[in-house]
Amino acid sequence: MTITIRRCTGWEGSAMGMRIMVNGEKAATINRHQVLRVGLPASKNSLKVRQLGIRSNEIEVEDGDILEVKHKRW
């Protein structure tokens, strides 16, 4: 079981990787313009992205999902 994650954050924050957290555990780090396939331990999982102490909302993901990480201005 896997999901695909694509990072499309532009130049802001591009010097640092983003941590991909699955079920509260670090699963991978994604860098600028990178596409990752991340293995999932169960059929339903929670995913969160972190960078420099900033966290995304937590979402539910399932096998085969394709996600895009974007930068949002405050």
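Is Lys44 buried or exposed? I looked this up at the outset and found Lys44 exposed, with a relative accessible area of 57%. I note that the model is a predicted one.

**Entry on Lys44 and its partner**

I next examined the side chain of Lys44 and recorded a salt bridge to Glu62, at 3.9 Å from N to O. This pair links distant parts of the chain, since Glu62 belongs to strand 7 (residues 59-62) and Lys44 to strand 5, 18 residues apart. I entered Glu62 as partly exposed because its relative accessibility is 39%, and partly exposed covers the range between 20% and 50%.

**Entry on Gln51**

I then turned to Gln51, which is found in strand 5 (residues 44-51). Its relative accessible area is 14%, and the limit for a buried residue is under 20%, so I listed Gln51 as buried. I also noted that the side chain of Gln51 reaches the backbone oxygen of Met16 at 3.0 Å.

**Entry on the open sheet**

Which order do the strands of the open sheet of three strands follow? I read the order as 4-1-8, with mixed pairing. Strand 4 (35-39) and strand 8 (66-70) stand at the edges; each has a single partner strand, so one side of each is left without a neighbour in the sheet. I recorded that neighbouring strands of this sheet are turned by 25° against each other on average, with direction ignored. For strand 1 (residues 2-8) and strand 8, I found pairing in the parallel sense over five bridges. I wrote down one bridge partner in strand 8, namely Lys70, which is matched with Cys8.

**Entry on the salt bridges**

How many salt bridges does the count come to? I arrived at three. One of them joins Glu68 to Arg6, with the closest N and O atoms 2.9 Å apart. Glu68 lies in strand 8 and Arg6 in strand 1, so this pair ties together parts that are 62 residues apart in sequence. I also found Glu68 in a salt bridge with Lys70, where the closest N and O atoms are 3.4 Å apart. I therefore drew Arg6, Glu68 and Lys70 as linked in a network of salt bridges, using the rule of a side-chain nitrogen of Lys or Arg within 4 Å of a carboxyl oxygen of Asp or Glu.

I looked up the accessibility of these residues last. Glu68 is partly exposed, at a relative accessible area of 40%, and Arg6 counts as partly exposed at 43%. Lys70 is exposed, with a relative accessible area of 59%.

Key: Residues are numbered from 1 along each chain as its sequence is written. This is a predicted model: local features need pLDDT of at least 70, side-chain atom pairs count only at pLDDT 80 or more; totals for chains, interfaces and linings use all residues. Side-chain values use heavy atoms; hydrogens and water are left out. Helices (H or I, at least four residues) and strands (E, at least two) are DSSP runs, numbered from the N terminus. Buried means under 20% relative accessible area, exposed over 50%, partly exposed in between (1.4 Å probe, protein chains only). A polar contact is a pair of N or O atoms within 3.5 Å; within protein, one must be able to donate a hydrogen and the other to accept it, and residues adjacent in sequence count only if both atoms are side-chain atoms. Two strands pair if DSSP finds at least two bridges between them. Axes are lines fitted to C-alpha atoms, for helices over the stretch in contact, and angles run from 0 to 180 degrees between N-to-C directions.
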